[in-house]
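Hi everyone, thanks for coming along. Let me put the structure up, and then we can walk through it together.

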Amino acid sequence: MKKIYLLAISIISFQAINAQITNYATIPYATGFESGTLDNNWYTTSSSQDGRIQIWNSTSLIWSGDTAKAHTDSLWLGMDNSPGGSYVTNEAWIGLDLLGETQVRFTFWWAEWNDETEPQDGIYISDDGGTSFTKVLDLNGASYTDLQWYYFDLNLDSLNTVHGLNFTATYVIKLQQYDNYYFAGGNDGFLFDDINVESTIVSNISEQDEVKVKVFPNPTADFVNISLSKSNNNYSYQLYSIDGQLIEENNSINENSIKLNLSDYNAGVYFVNLYSNGEMIHSHKLFKQ
Ligand SMILES: [Ca+2]
Ligand SMILES: [Ca+2]
Ligand SMILES: [Ca+2]
């Protein structure tokens with residue numbers, strides 16, 4: 001009898017997992033939360049009924065002389081725990097149909113309000129509808145200034161490669177906060193705004209406009225040279241560690257060569273994304289010896 005009972009339980013929980021996201025969005029997908037509700041590409045859950053994942057208005061959250069403001073317009077997604085006193089895990093999932101896609105970027109703005117650093121805080125990805133997740137980015141609260149918005153630009157192709165994930169029809173990006181108190185008065189929480197998932201393939205670039213990129217030497221012990229076939233563009237780059245942390249960036253480069261100095265970084269794999277006038281033109285895996 002015991003075996004039959006356990007089988008019944010496992011079937012029920014399997015069905016519950018499938019019901020979590022009702023629609024997987026195709027890209028480009030963008031939200032700044034200004035509709036005031038989460039659309040059906042989202043699923044939210046908390047380990048406790050006290051965990052809150054809700055859309056806030058900029059004027060509604062004032063405490064100790066500070067006001068939590070949206071990054072853009074007036075609404076944003078907040079995570080906290082009210083009344084608090086014990087730890088909860090808050091999760092917001094975004095369902096995406098990325099089957100057949102390449103060169104996909106996930107960009108978002110994030111701010112924290114005195115939220116402590118816990119290893120559970122961060123961005124997670126699942127390629128199986130949320131059955132299993134892999135952490136791809138830390139949101140390390142202690143390193144940031146309260147209520148200041150920070151921009152994140154994740155190259156999902158690179159993260160898939162690093163973590164053995166694939167673009168599937170049931171791809172899930174999870175925003176996760178682990179904490180113990182509430183925003184105003186409890187002084188704890190995460191804020192998200194202006195979430196975008198888009199392909200960076202630019203089909204309207206003609207052969208003549210295409211920038212050819214050479215990266216050398218690779219592997220390297222110290223310097224990497226990036227040479228670009230055109231010098232009249234406004235270039236920028238972002239350097240990521242293997243776990244998806246942005247570790248270096250530079251904007252407004254008008255030369256046709258960029259020299260990266262990796263000598264201070266640990267040996268291992270890094271990713272450099274190159275942008276021309278704000279559009280990503282190239283992503284390259286670097287090996288630091
Ligand atoms: Ca907004
Ligand atoms: Ca936390
Ligand atoms: Ca806390």
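Asp-115 and Asp-121 are both buried, where buried means under 20% relative accessible area, exposed means over 50%, and partly exposed is in between, with a 1.4 Å probe and protein chains only. Before I go on, please keep in mind that this is a predicted model, in which local features need pLDDT of at least 70, side-chain atom pairs count only at pLDDT 80 or more, and totals for chains, interfaces and linings use all residues. Residues are numbered from 1 along each chain as its sequence is written, chains are lettered from A and ligands numbered from 1 in the order in which they are written, and side-chain values use heavy atoms, with hydrogens and water left out.

So what coordinates the calcium ion (ligand 2)? Asp-115 and Asp-121 take part through OD atoms, with Asp-121 listed twice. Glu-118 (OE) and Asp-179 (OD) are there too, along with Glu-116 (O) and Tyr-178 (O), and the distances run from 2.0 to 3.0 Å. Donors here are N, O and S atoms within 2.8 Å of the metal, or 3.2 Å for Na, K and Ca; water is not among the atoms, so sites may look incomplete. Along the sequence, the donor residues have the spacing D-E-x1-E-x2-D-x56-Y-D.

Now, which residue coordinates both this ion and the calcium ion (ligand 3)? That is Glu-116, and the two ions are 5.7 Å apart. For ligand 3, the protein donors are Glu-116 (OE), Asp-179 (OD), Asn-180 (OD1) and Asp-188 (OD), the last one listed twice, at 1.9 to 3.0 Å. Their spacing reads E-x62-D-N-x7-D. Asp-179 and Asn-180 are both buried.

Let's move on to salt bridges. Side chains of opposite charge can pair when their charged atoms come close. The rule used here asks for a side-chain nitrogen of Lys or Arg within 4 Å of a carboxyl oxygen of Asp or Glu, and it gives four salt bridges.

One of them joins Arg-105 and Asp-153, at 2.7 Å from N to O. Arg-105 is in strand 8 (residues 104–112) and Asp-153 in strand 11 (residues 150–155), so this pair ties together parts 48 residues apart in sequence. Strands are DSSP runs of E, at least two residues, and helices are runs of H or I, at least four, numbered from the N terminus. Arg-105 is buried at 7% relative accessible area, and Asp-153 is buried at 3%.

Another salt bridge pairs Asp-138 with Lys-135, at 2.3 Å. Asp-138 is partly exposed at 28%, and Lys-135 is partly exposed at 25%.
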